[in-house]
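Open the model in your viewer and switch to a cartoon view. We will walk through it stop by stop, selecting as we go.

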Amino acid sequence: MTEVIAYTDGACSGNPGPGGWGVLMRALRGGAIIKERELSGGEADTTNNRMELMAAITALETLRQPSTITIVTDSAYVKNGVTIWIHGWKRNGWRTADKKPVKNVELWQRLDAAQAQHRVTWEWIKGHAGHPENERADELARAGMAPFKPVKT
């Protein structure tokens, strides 16, 4: 059976400001990497949280068929949002416990729809702590942001 692991990260220069997202995806069989794919992208005016969400969304939407996937993120916002908070938001008509609209609601809805197609396990790891795959996802996020950063002269 093939297992998929996606290491995701977002980056932003200023918050809001130019931002990027990165994904390192690995397909494993018997613990051995059989395929690896790197994805990245960005936006001119965004936030770090939006880029963290886009990384996870892209990882899930890239899969062509229902899959078992582990998404590894250094974003407590994404992990807690998708595993804990989202249930209350949906019950409350996409409003928080204090009745305010959920921030980034269109991305949360997109993430919710994307994960419904798969069997997803969410893992949080500490960012910038020397985890090689997380560091690579961070590099990809920064590369995705690069075209949107102003050129220094």
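Start by selecting residues 68-73, strand β4, together with β5: in this predicted model, the two strands run parallel and are joined by six bridges. Show Thr70 as sticks and look across to β5, where Thr121 stands opposite.

Now bring in the rest of the sheet. It is open, with five strands in the order β3-β2-β1-β4-β5 and mixed pairing. Colour β3 (32-46) and β5 (119-124) to see the edges: each has a single partner strand, so one side of each is left without a neighbour in the sheet. From one strand to the next, the twist averages 20°.

Next, select residues 48-62. This is helix α1, which packs on the sheet and touches β1, β2, β3, β4 and β5. Its direction makes about 155° with that of β1.

Time for side chains. Which residue forms a salt bridge with Glu133? Select Arg26: the closest N and O atoms of the pair are 2.8 Å apart. Glu133 sits in helix α4 and Arg26 in strand β2, 107 residues apart, and both are buried. Add Glu36 to the selection, and you have a network of salt bridges linking Arg26, Glu36 and Glu133.

Move on to Glu61 and Arg110, another salt bridge, with closest N and O atoms 2.8 Å apart. This pair links helix α1 to helix α3. Glu61 is partly exposed at 41% relative accessibility, and Arg110 is partly exposed at 34%.

Finish with Asp112 and Lys90, whose side chains meet in a salt bridge at 2.9 Å, N to O. Asp112 lies in helix α3 and Lys90 in helix α2, so the pair ties together parts 22 residues apart in sequence.

Terms used: Residues numbered from 1 in each chain as written. Predicted model: local features only at pLDDT ≥ 70, side-chain atom pairs only at ≥ 80, totals over all residues. Heavy atoms only, no water. Pairing = 2+ DSSP bridges. Helix = DSSP H or I, 4+ residues; strand = E, 2+ residues; numbered from the N terminus. Axes fitted to C-alpha atoms, helices over the stretch in contact; angles between N-to-C directions. Contact = heavy atoms within 4.5 Å. Salt bridge = Lys/Arg side-chain N within 4 Å of Asp/Glu carboxyl O. Buried < 20%, exposed > 50% of the residue type's maximum accessible area, 1.4 Å probe, protein only.
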